[in-house]
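Me: I'm new to reading protein structures, and I'd like a close look at one part of this one. Could you walk me through how helices pack against each other here?

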Amino acid sequence: MTEKKALNPEQIKQDIINYGSKIFLNSAGSSLPPKSVHEKVKWYLDLEEKEGGYQAIETMKNEINDFYHQAALMLGCEPHNIAFTNSATDAYAKALSSVDFKSKDVILTTDDDYASNFIQFISLTKRCEIQIIRARNLENGDLDLSDFREKIDRYNPKLVSVTHAPTNSGLIQDVVSIGEICSQKGILFLVESCQSIGQMVVDVNEIKCDFLATTGRKFLRGPRGTGLLYVSDRALNDGIFPLMIDGAGAIWNKEGDFSLMPDAKRFESWEKPYALLLGLAEAISYLNQIGIEQIEAYNRDLMNRFRNNLNAIPDVNQFDRGSKKGNILTFRKGNKSLEETQSVLNENEVFHSISSKEWGFIDFSKKNIEWAVRLSPHYFNSFEEIDRVLEVIKSL
């Protein structure tokens, strides 16, 4: 096997169109794709203009099928376990809608699930009268696994749903331990992974989840309007399918019935943005060629340097908790206002996001804050860039 070369962020930057003098630290929002992704999308749109949509699909069918192979390689599964979706929320909603909830059924989750997931939970409580139960956190921010097990035994949940990496902090939740418990109990396990995939190794066999939903636009560096859903063999063999299924997922072969597609494509919609699908396939292929293990190792070193040096700056409050943290860093400096903080970051071309309470209501209520700066470096960011950002924060 050929040994992989050391990861070189400056070389990777050369694959980004017009990176320029900015310091891009917003990969948790919508990252910068490699230029090959942009070229693939544009090329396919040109092909559609030339051949029409149906013929273009036929011309590119091998490349379209490669999406499923690349995604399976990334997640450690088989191509038949992969469905293309329009976003992480689209993937998540399809998985959630496939669960046959009855009145008084329980979803067990955590305080750190994504806002859109909680909104869907609340919608289900209004329509189906289910219950939402949350496991406790330890003082350091980790999930209290003893409390989680106790609630599993007490409530016998129909579904366990956990966000692997919350959007509003750097916490990484222990989905492997959660998956082991769910597997032992035979409970459906849904993982939302839009902030973890692309920055670290995510292996569905290790996690033992039934569903895993993610997006293309964040750390995967794919196009907006893309996502994917992993569906386990157990879920497929049990005949699980989304509530609103269409001609991509089933065949109408009887007047009052249909036959399911045998694979995860039963969770897809017939109408797809094939240009974006090919762009996502290119983004995943780009990641697979570099190697996610190498990306995770570089990101770990980068974030350790960032967090440790930021912690040494007087009057800076970091809000990320947990024994394991990823590539999201949230902070505020002293009594600086949101406007003052953003003004300095913008003047110095530091691309960032602001996490507000509405996206992490429970977590931010615990921290007694309304907002925090969110910085999310990735493997194309250099150590020198991080040092420059630290100087900018010192100047606040």
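Reply: Here is a walk through two helix pairs, followed by a few single residues in loops. Please keep in mind that this is a predicted model.

Let's begin with the general idea. Two packed helices are described by the angle between their axes and the distance between the axes.

Take helix H5, residues 61-75, and helix H12, residues 274-290. Their axes lie 9 Å apart and make an angle of about 40°. Angles under 35 degrees count as roughly parallel and 65 to 115 as roughly perpendicular, so H5 and H12 are called oblique to each other. The crossing of this pair is left-handed. If you would like to find the contact yourself, look on H5 for residues including Ile-64, Phe-67, Ala-71 and Met-74, and on H12 for residues including Leu-277, Ala-281, Ile-284 and Asn-288. Sorted by class, the contact of H5 with H12 has 13 nonpolar, 3 polar and 1 charged residues.

Now turn to helix H13, residues 292-311, and helix H16, residues 383-394. This pair packs at about 20°, with the axes 10 Å apart. Because angles under 35 degrees count as roughly parallel, that is the description for H13 and H16. Their crossing is right-handed. On the H13 side, the residues that meet H16 include Tyr-298, Leu-302, Arg-305 and Phe-306, while H16 brings Phe-383, Ile-386, Leu-390 and Ile-393, among others. By class, 9 nonpolar, 1 polar and 3 charged residues make up the contact of H13 with H16.

Loops deserve a look too. Ser-232 sits in the loop between strand S8 (227-231) and helix H11 (233-237). Its relative accessible area is 5%, and since buried means under 20%, Ser-232 is buried. The Ser-232 side chain reaches the backbone nitrogen of Ala-235 at 3.1 Å. Leaving aside residues up to four places away in sequence, Ser-232 touches Asn-81, Cys-209 and Asp-210.

Finally, here are two residues with a less usual backbone angle. Most residues other than glycine have a negative phi. Glu-129 is not a glycine, yet has a positive phi of about 60°. You can find Glu-129 in the loop between helix H7 (115-128) and strand S4 (131-134), and with a relative accessible area of 47% it is partly exposed. Glu-349 also has a positive phi, of about 55°. Glu-349 is placed in the loop between helix H14 (338-347) and strand S13 (350-351), and at 35% relative accessibility it counts as partly exposed.

Notes
Residues are numbered from 1 along each chain as its sequence is written. This is a predicted model: local features need pLDDT of at least 70, side-chain atom pairs count only at pLDDT 80 or more; totals for chains, interfaces and linings use all residues. Side-chain values use heavy atoms; hydrogens and water are left out. Helices (H or I, at least four residues) and strands (E, at least two) are DSSP runs, numbered from the N terminus. Buried means under 20% relative accessible area, exposed over 50%, partly exposed in between (1.4 Å probe, protein chains only). A polar contact is a pair of N or O atoms within 3.5 Å; within protein, one must be able to donate a hydrogen and the other to accept it, and residues adjacent in sequence count only if both atoms are side-chain atoms. Contact means heavy atoms within 4.5 Å. Axes are lines fitted to C-alpha atoms, for helices over the stretch in contact, and angles run from 0 to 180 degrees between N-to-C directions. Angles under 35 degrees count as roughly parallel, over 145 as roughly antiparallel, 65 to 115 as roughly perpendicular and the rest as oblique. A crossing is left-handed if the near helix is turned anticlockwise from the far one by less than a right angle, and right-handed if clockwise. Ala, Val, Leu, Ile, Met, Phe, Trp, Tyr, Cys and Pro count as nonpolar, Asp, Glu, Lys and Arg as charged, and the others, Gly among them, as polar.
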